[in-house]
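Trainee: I would like to take a close look at a single part of this model, and I would be glad of one connected account rather than scattered remarks.

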Amino acid sequence: MELADNNAKPKPLRFSDFAGNDGPLEGKKVKIEAVLNLEILLTAFRIKESKYQQANSADCLTIQFEYPDRPDEKHVVFTGSAVLCDQLKKYKDKLPFYATIKKIDRYFTLT
């Protein structure tokens with residue numbers, strides 16, 4: 001906090017000055033099967049503890065994306081895919097980037 005002089009009250013901050021963007025990602029919900037094998041622009045992701053614990057993953061991954069032909073429409077998909085979580089954590093500094101989600105046997109992966 002800044003002080004104008006020794007007798008002045010501290011200048012109040014705005015919530016946006018110190019708060020991160022922890023809210024849900026915006027976008028129309030889409031099933032992951034609807035975007036399989038399509039190139040999409042991944043714009044953001046969040047990983048949090050899943051409400052529905054699965055045998056393979058305790059995390060819920062939310063991916064925000066845009067279709068290349070509709071750049072102003074945001075969409076989101078939800079998955080418990082540990083492979084996608086690992087890939088997005090590894091390459092988070094590269095966002096936004098184009099990728100294709102593929103299903104190989106029993107897991108999803110980015111290509």
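Which strands do the buried residues of H2 pack against?

Mentor: Please keep in mind throughout that this is a predicted model. The buried residues of H2 pack against S2, S3, S4, S5 and S6, and the residues in question are Leu84, Cys85, Gln87 and Leu88. Each of these four is called buried because its relative accessible area is under 20%.

To see what the helix rests on, it helps to turn to the sheet itself. Six strands form an open sheet with mixed pairing, and their order across it is S1-S4-S3-S2-S5-S6. The edge positions belong to S1 and S6, each of which has a single partner strand, so that one side of each is left without a neighbour in the sheet. H2, which spans residues 82–90, packs on this sheet and touches S2, S3, S4 (70–79), S5 and S6, while the direction of the helix makes about 20° with that of S6.

Strand S2, which covers residues 39–49, is a good place to follow the pairing in detail. With S3 (residues 59–67), S2 runs antiparallel, and eight bridges join the two strands; within this pairing, glutamate 49 has aspartate 59 in S3 as its bridge partner. With S5, S2 also pairs in the antiparallel sense, here over four bridges. Two residue pairs can be picked out between S2 and S5: isoleucine 40 has alanine 99 in S5 as its bridge partner, and leucine 41 stands opposite tyrosine 98 in S5. As a general point, the strands of a sheet pair through backbone hydrogen bonds, in either a parallel or an antiparallel manner.

The connections around these elements deserve the same attention, beginning with the stretch that leads from the helix into S5. Proline 96 is placed in the loop between H2 and S5 (97–104), and the peptide bond that joins leucine 95 to proline 96 is cis, with omega near -5°.

At the other end of S5, aspartate 105 lies in the loop between S5 and S6 (107–110). The phi of aspartate 105 is near 55°, a positive value in a residue other than glycine, and because its relative accessible area is 69%, aspartate 105 counts as exposed.

A comparable description can be given for the loop between S1 and S2, where asparagine 37 is found. Asparagine 37 has a positive phi of about 65° although it is not a glycine, and this residue is exposed, with a relative accessible area of 53%. Glutamate 33 is found in the loop between S1 (28–29) and S2 as well, and it counts as exposed at 52% relative accessibility, given that the cut-off for exposed is over 50%. Although glutamate 33 and valine 77 are 44 residues apart in sequence, their C-alpha atoms are 9.4 Å apart in space.

Lastly, in contrast to the buried residues of H2, phenylalanine 15 in helix H1 (residues 15–18) is exposed, with a relative accessible area of 62%. Together with Leu13 and Phe18, Phe15 makes a nonpolar surface patch of about 380 Å².

Terms used
Residues numbered from 1 in each chain as written. Predicted model: local features only at pLDDT ≥ 70, side-chain atom pairs only at ≥ 80, totals over all residues. Heavy atoms only, no water. Buried < 20%, exposed > 50% of the residue type's maximum accessible area, 1.4 Å probe, protein only. Patch = residues over 30% accessible without salt bridge, like charges linked within 9 Å, V, L, I, M, F, W, Y side chains within 5 Å. Areas by Shrake-Rupley, 256 points an atom, 1.4 Å probe, with all protein chains shown as cover. Salt bridge = Lys/Arg side-chain N within 4 Å of Asp/Glu carboxyl O. Pairing = 2+ DSSP bridges. Contact = heavy atoms within 4.5 Å. Axes fitted to C-alpha atoms, helices over the stretch in contact; angles between N-to-C directions.
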